[in-house]
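Visitor: Please pick a part of this model and take me through it closely, residue by residue where that helps. I would like the surroundings of that part as well.

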Amino acid sequence: MKNIKKRPCFYPILAIVLTLISVNTMAQVKQGAGYDKSYHFLHSGNLVADKDFYLLTVIDQSPAVKKLISNDAYFKQLYNTRLTLLKSHVADTCTTPLSMVGGFRYTCADSLQLAENMLTLYKAHQADFDQFIDHHLRPSDYYQRFVNLNNANLLLKAWSQYVYGINYIIDQFGLGKKMRYPRIDSASYVVNSRYYRMVMKDMFALLDEQTDGIKSFYQPSLAVAMQLMDANDRDEPARFEPMEQRDNKKAFDRIKQVQWSKYPYATIVIPGNGPELFTTPISPDNKIHCDVAAMRYLKGWAPFIIVSGGYCYPFRGPYCEAIEMKKYLMQKFHIADDAIIIDPHARHTTTNIRNADRLMIRYGIPLDKPSVFVTSKSQHDSVAKDAFDTRNQHELGYLPYRDKKSISNHDIVFYPVLESLHMDPLDPLDP
């Protein structure tokens with residue numbers, strides 16, 4: 001496969017910090033204390049920031065923890081340094097992308113100091129941090145892969161994801177680096193072009209007028225990252241939300257009425273396959289995906305179809321794969337609106353399955369009932385191989401399914417896993 005890079009592990013320095021933590025000084029938690037369906041998410045007013053950096057959204061609405069962080073001497077110094085840098089770029093002579101945004105990245109030394117200071121704060125104010133972690137980070141599901149860690153380790157892992165996420169966005173949209181999937185995820189502009197350098201310079205003048213709302217050390221880098229995504233019109237994570245109140249409302253409301261014993265599968269999952277042409281809403285191969293899946297649905301395989309795919313192909317194209325698949329299924333096969341669940345965010349085959357899992361878990365679809373992944377023969381053959389498992393381990397860090405089994409040239413049966421809820425700092429367009 002082209003342009004697939006091995007997923008890096010967390011910073012080695014942070015790993016060293018974690019091994020130095022004395023388990024005797026940490027609050028131990030019950031294994032598996034994590035996702036809570038009744039949890040109500042907090043909102044900052046920027047859904048992209050909430051999805052990419054939920055840790056920060058929670059801190060900003062947790063007065064005790066935010067005060068502790070704001071009063072820490074090292075974090076004050078980091079805050080002043082980065083705020084000063086932000087303001088200086090309004091009138092200084094910096095004109096290259098690296099000189100303008102490079103200072104808002106985190107080095108390994110930065111991440112080590114951040115982890116050490118956060119651990120010191122945790123030990124000194126454990127009750128405040130435990131409430132913050134147990135009431136928000138654990139039940140939110142954003143840090144589901146960390147729930148078997150004690151609270152101190154979970155906190156440090158969450159901060160390391162913030163560091164990775166900020167660096168990834170700045171590298172991709174500020175420095176123009178070719179990241180995991182450059183064909184569809186790259187910056188919209190040539191970052192070294194005169195125009196884009198002007199845009200970045202003007203960006204700092206705008207941010208300078210917003211500094212009254214920047215009070216904590218993490219906010220200057222966050223503001224720069226969000227502004228870079230906005231400059232590239234990369235608001236994909238926020239599109240169509242809240243889905244259960246909009247496009248998925250009819251299906252969401254119907255879930256509670258389903259007699260699940262009537263069906264061999266809980267859902268039929270159709271992955272997207274974006275068109276190569278700007279004039280083509282749905283690709284020829286994606287029509288095949290839908291045609292096969294519709295045959296399964298009309299035979300009564302499952303009560304719901306999950307169509308999964310975002311704005312992927314062609315690069316910056318106008319069509320959302322999930323929306324176009326839903327239209328196609330309704331128009332050609334007269335499948336009812338309340339039988340189709342959209343996932344308009346997935347950008348890769350790995351996240352087609354991961355995001356379908358998320359919808360099943362959050363919408364209350366039975367997890368002990370298998371689902372079936374229905375696609376073309378070529379994609380089926382790729383997903384059925386062990387190499388696809390390896391790809392998931394590299395890109396996600398886990399398998400977003402269990403008991404994967406091919407039953408035909410088009411169908412792969414699987415069960416969802418809770419780990420799929422975990423947000424991915426290395427996929428800012430669909431974390």
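Guide: Apart from neighbours within four places in sequence, glutamine 227 has contacts with Met203, Leu206 and Leu207. The model is predicted, and glutamine 227 sits in helix H12, which covers residues 219-231. Its relative accessible area is 18%, so glutamine 227 counts as buried, the limit being under 20%. For contrast, glutamine 77 belongs to helix H5, residues 73-88. Glutamine 77 is exposed because its relative accessibility is 52%, and the class begins over 50%.

The loop between H12 and helix H13 (249-254) holds proline 242. The peptide bond between glutamate 241 and proline 242 is cis, with omega at about -5 degrees.

Glutamate 241 also leads to the largest pocket, whose volume is about 920 Å³. The pocket is lined by 36 residues, and those closest to its centre are Phe41, Glu241, Glu244, Arg362 and Tyr363. Helix H2 (47-52), helix H8 (126-140) and helix H16 (349-363) are the elements that each give two or more residues to this lining. H16 gives the most, with five residues. Sorted by class, the lining of the largest pocket comprises 17 nonpolar, seven polar and twelve charged residues.

H8 is followed by a loop that runs to helix H9 (151-174), and aspartate 141 is in that loop. Aspartate 141 is not a glycine, yet its phi is positive, near 85 degrees. Its relative accessibility is 0%, so aspartate 141 counts as buried.

Now the strands. In strand S2, residues 304-308, five of five residues are buried. Phe304, Ile306 and Ser308 lie on one side and Ile305 and Val307 on the other, and both faces are covered. S2 pairs in parallel with strand S1 (residues 267-271) over five bridges, and valine 307 of S2 is the bridge partner of isoleucine 270. S2 also runs parallel to strand S3 (residues 340-343), joined to it by four bridges. Here valine 307 has isoleucine 342 of S3 as its bridge partner. The connections are helical: S1, helix H14 (residues 284-298) and S2 form a right-handed β-α-β unit. S2, helix H15 (residues 321-333) and S3 form a right-handed β-α-β unit too.

The loop between S2 and H15 deserves its own look. Proline 314 is located there, and a cis peptide bond links tyrosine 313 to proline 314, with omega at about -15 degrees. Arginine 316 is in the loop between S2 and H15 as well; its phi is positive, about 60 degrees, although arginine 316 is not a glycine. Most residues other than glycine have a negative phi, and most peptide bonds are trans. Arginine 316 counts as partly exposed because its relative accessibility is 31%. Its C-alpha atom is 40 Å from that of glutamine 77, and the two residues are 239 apart along the chain.

Glycine 317 also belongs to the loop between S2 and H15. At 11% relative accessibility, under the 20% limit, glycine 317 is therefore buried. Outside its neighbours within four places in sequence, glycine 317 is in contact with Phe278 and Tyr311. Glutamate 236 is 81 residues from glycine 317 in sequence, and their C-alpha atoms are 12 Å apart.

Definitions and conventions: Residues numbered from 1 in each chain as written. Predicted model: local features only at pLDDT ≥ 70, side-chain atom pairs only at ≥ 80, totals over all residues. Heavy atoms only, no water. 1 Å grid on protein atoms, 1.4 Å probe; cavity = no way out; pocket = protein on both sides within 12 Å on 5 of 7 lines; lining within 4 Å. Points joined across faces, edges and corners; volume = space filled by probe spheres on them. Nonpolar A, V, L, I, M, F, W, Y, C, P; charged D, E, K, R; others polar. Buried < 20%, exposed > 50% of the residue type's maximum accessible area, 1.4 Å probe, protein only. Pairing = 2+ DSSP bridges. Right-handed = clockwise from strand over helix to strand, strands pointing away. Contact = heavy atoms within 4.5 Å.
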